Amino acid sequence: MSLSLDPESLNTCVSCGLCLPHCPTYRVTGDEALSPRGRIDAMRAVELRGAPIDAEFVDAMSTCVQCRGCEPACPSGVPYGELIERTRTELTERGRTTSWWQRRGLDVLPKHALLLRGSTALALLQRIGLVPRRFVAGRLPVRRGPAVEATATPDSAEAWIHTGCVMDAWMRSTHRSVAALLDAMQFTYAVPGSGGGCCGALHAHAGLHEGAIDLAERTMASMPGSAPILVDSAGCGAAMKEYGRLLGTPEAEAFSARVFDANEFIAAHADRLPPMRPIHGPLIVQDPCHLRHVQGAHGSVRELLAPLTELVELDDAGLCCGAGGAYAAVEPELAGGIRVRKVATIERAVERSGASTVISANPGCSMHLEGELRSRGITVRHPIDVLAAALP
């Protein structure tokens with residue numbers, strides 16, 4: 001049975017084990033099969049040695065968070081993200097993973113009006129205790145406020161603000177914070193047209209390859225031209241920066257080159273910010289995996305906020321929090337075990353610093369952590385919201 005994997009990419013792994021400390025599922029379980037090294041060995045067994053795609057293999061592949069923390073730790077440069085995504089695609093096409101209810105949930109994401117109505121209904125049900133925490137740990141907004149309005153036409157705008165799907169439904173205020181910062185920096189901006197409501201990141205993670213390609217093409221069409229595209233969701237930004245690999249076209253490569261995390265873009269033009277007000281109290285920095293491991297843009301958060309307040313680093317070397325897009329709903333036990341470790345790390349940072357706020361640049365991470373931290377008197381905020389609040 002073939003997984004359509006590149007043998008050279010598979011054989012790049014020399015089984016050195018340097019990835020193991022950076023794998024959240026291995027850290028929680030201690031199971032070699034649930035480590036990058038173990039998963040790659042299983043892929044090789046199927047692809048190169050004719051092993052069957054059995055229940056053990058499917059479990060190993062479907063329990064990967066796809067945080068990609070193993071990639072920067074790998075001295076051989078194994079393209080693990082590409083391998084696990086391709087494997088998940090093959091398993092999904094064979095009907096071995098990605099349940100029907102997960103597919104139906106992902107079907108809603110590009111239908112933005114339906115997503116907004118459904119999110120409001122879910123928030124109301126959450127208020128009366130009818131939404132299991134495995135599906136949504138953090139508190140959903142009943143009201144989300146006005147959408148960002150463009151200050152220029154697509155032809156004349158100096159930047160685009162990507163609004164997306166879940167980010168717009170759950171953390172729209174962060175889009176307004178991006179707009180406020182661009183206004184203060186005297187940048188004009190546009191917002192995507194119809195069809196730009198979902199970037200396809202979660203579809204790609206779930207192995208829904210054709211759906212991810214369709215949504216990537218729609219996203220590209222919704223933001224034409226050459227102006228930079230600012231993304232305030234780390235997972236979306238990582239996916240959009242990899243459209244070139246996903247679609248394999250020069251147009252997709254050119255589009256990906258225009259994509260910047262919002263913190264990354266603002267930090268690169270920080271000289272255009274007005275004098276900012278100091279921020280009260282230290283901030284604990286939690287790096288979303290797709291900002292740190294995939295985009296490598298986590299330093300921008302520090303560049304922007306370190307001059308304004310004390311930043312407190314976690315002592316776990318950027319380990320995943322367990323959110324993983326839809327992972328927390330699909331694999332609640334493992335996601336919960338990973339979160340327990342992250343919360344303990346945050347609590348140690350609180351003890352050292354007295355901080356009561358965690359900043360995280362991804363909606364999934366924020367919601368996954370917020371449900372656990374709220375009862376401890378710790379709030380979770382997006383760094384862009386914190387920065388915008390410091391505007392004079």
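This report describes the overall form, the nonpolar cores and several individual residues of one protein model.

## Basis of the model

The structure is a predicted model, in which local features need pLDDT of at least 70 and side-chain atom pairs count only at pLDDT 80 or more, while totals for chains, interfaces and linings use all residues. Residues are numbered from 1 along each chain as its sequence is written, and side-chain values use heavy atoms, with hydrogens and water left out.

## Overall form

The protein contains 22 helices and 8 strands. These elements are DSSP runs numbered from the N terminus, with helices being H or I runs of at least four residues and strands being E runs of at least two. The radius of gyration is 20 Å, which agrees with the value near 21 Å for a compact globule of 392 residues; this radius is taken over C-alpha atoms, and the globule rule is 2.2 Å times the number of residues to the power 0.38. Along the principal axes, the C-alpha atoms fill a box of roughly 65 × 50 × 45 Å.

Of the 392 residues, 56% are buried. Buried means under 20% relative accessible area, exposed means over 50%, and partly exposed lies in between, with a 1.4 Å probe and protein chains only. Among contacts (heavy atoms within 4.5 Å) between residues at least 6 apart in sequence, 75% join residues at least 24 apart.

## Surface and charge

The accessible surface comes to about 16,100 Å², and carbon and sulfur atoms account for 54% of that area. Accessible areas come from the Shrake-Rupley method with a 1.4 Å probe; for residues, only the protein chains shown count as cover.

The protein carries 38 positive and 43 negative charges, whose mean positions are 7 Å apart. Lys and Arg count as positive and Asp and Glu as negative, whereas His and the chain ends are not counted. Each charge is placed at NZ of Lys, CZ of Arg, CG of Asp or CD of Glu.

## Nonpolar cores

In soluble globular proteins, nonpolar side chains tend to be buried together. A nonpolar core is here a set of buried Ala, Val, Leu, Ile, Met, Phe, Trp, Tyr and Cys residues joined through side-chain atoms within 4.5 Å. The largest such core has 36 residues, and Leu181, Leu182, Ile266, Leu305 and Leu387 have the most contacts inside it. Two or more residues of this core come from each of β1 (159–162), α10 (172–184), α16 (262–268), β5 (283–285), α18 (299–305) and α22 (383–389).

Beyond four places in sequence, Leu181 touches Ile266, Leu273, Met276, Ile384, Leu387, Ala388 and Leu391. A second, separate core has 24 residues, including Trp160, Ile213, Ala216 and Met223.

## An enclosed helix and its surroundings

Helix α21 (residues 363–373) is largely enclosed by the rest of the structure, because 10 of its 11 residues are buried. Among them are Cys365, Met367, His368 and Glu370. The cover over the buried residues of α21 includes α9 (166–170), α19 (327–330), α20, β7 (357–359) and β8 (379–381).

Thr345 belongs to helix α20 (residues 332–353). With a relative accessible area of 4%, Thr345 is buried. Residues up to four places away in sequence aside, Thr345 is in contact with Leu314, Asp315 and Asp316.

## Loop residues

Gln66 occupies the loop between α4 (55–62) and α5 (70–73), and at 7% relative accessibility Gln66 is buried. Outside its neighbours within four places in sequence, Gln66 contacts Ile84, Glu85, Arg88, His205 and His290. The C-alpha atoms of Gln66 and Tyr327 are 9.1 Å apart in space, although 261 residues separate the two in sequence.

Two loop residues other than glycine have positive phi values: Gln186, at about 65°, and Ala317, near 55°. Gln186 lies between α10 and β2 (189–190) and is exposed at 65% relative accessibility. Ala317 lies in the loop between β6 (311–313) and α19.

## Residues in helices α1 and α18

Asn11 is in helix α1 (residues 7–11) and is partly exposed, with a relative accessible area of 47%. Its contacts beyond four places in sequence are Arg44 and Leu48. The C-alpha atoms of Asn11 and Val136, 125 residues apart along the chain, are separated by 39 Å.

Glu303 is in helix α18 and is exposed at 52% relative accessibility. Glu303 and Asn263 are 40 residues apart in sequence, with a C-alpha to C-alpha separation of 9.0 Å.
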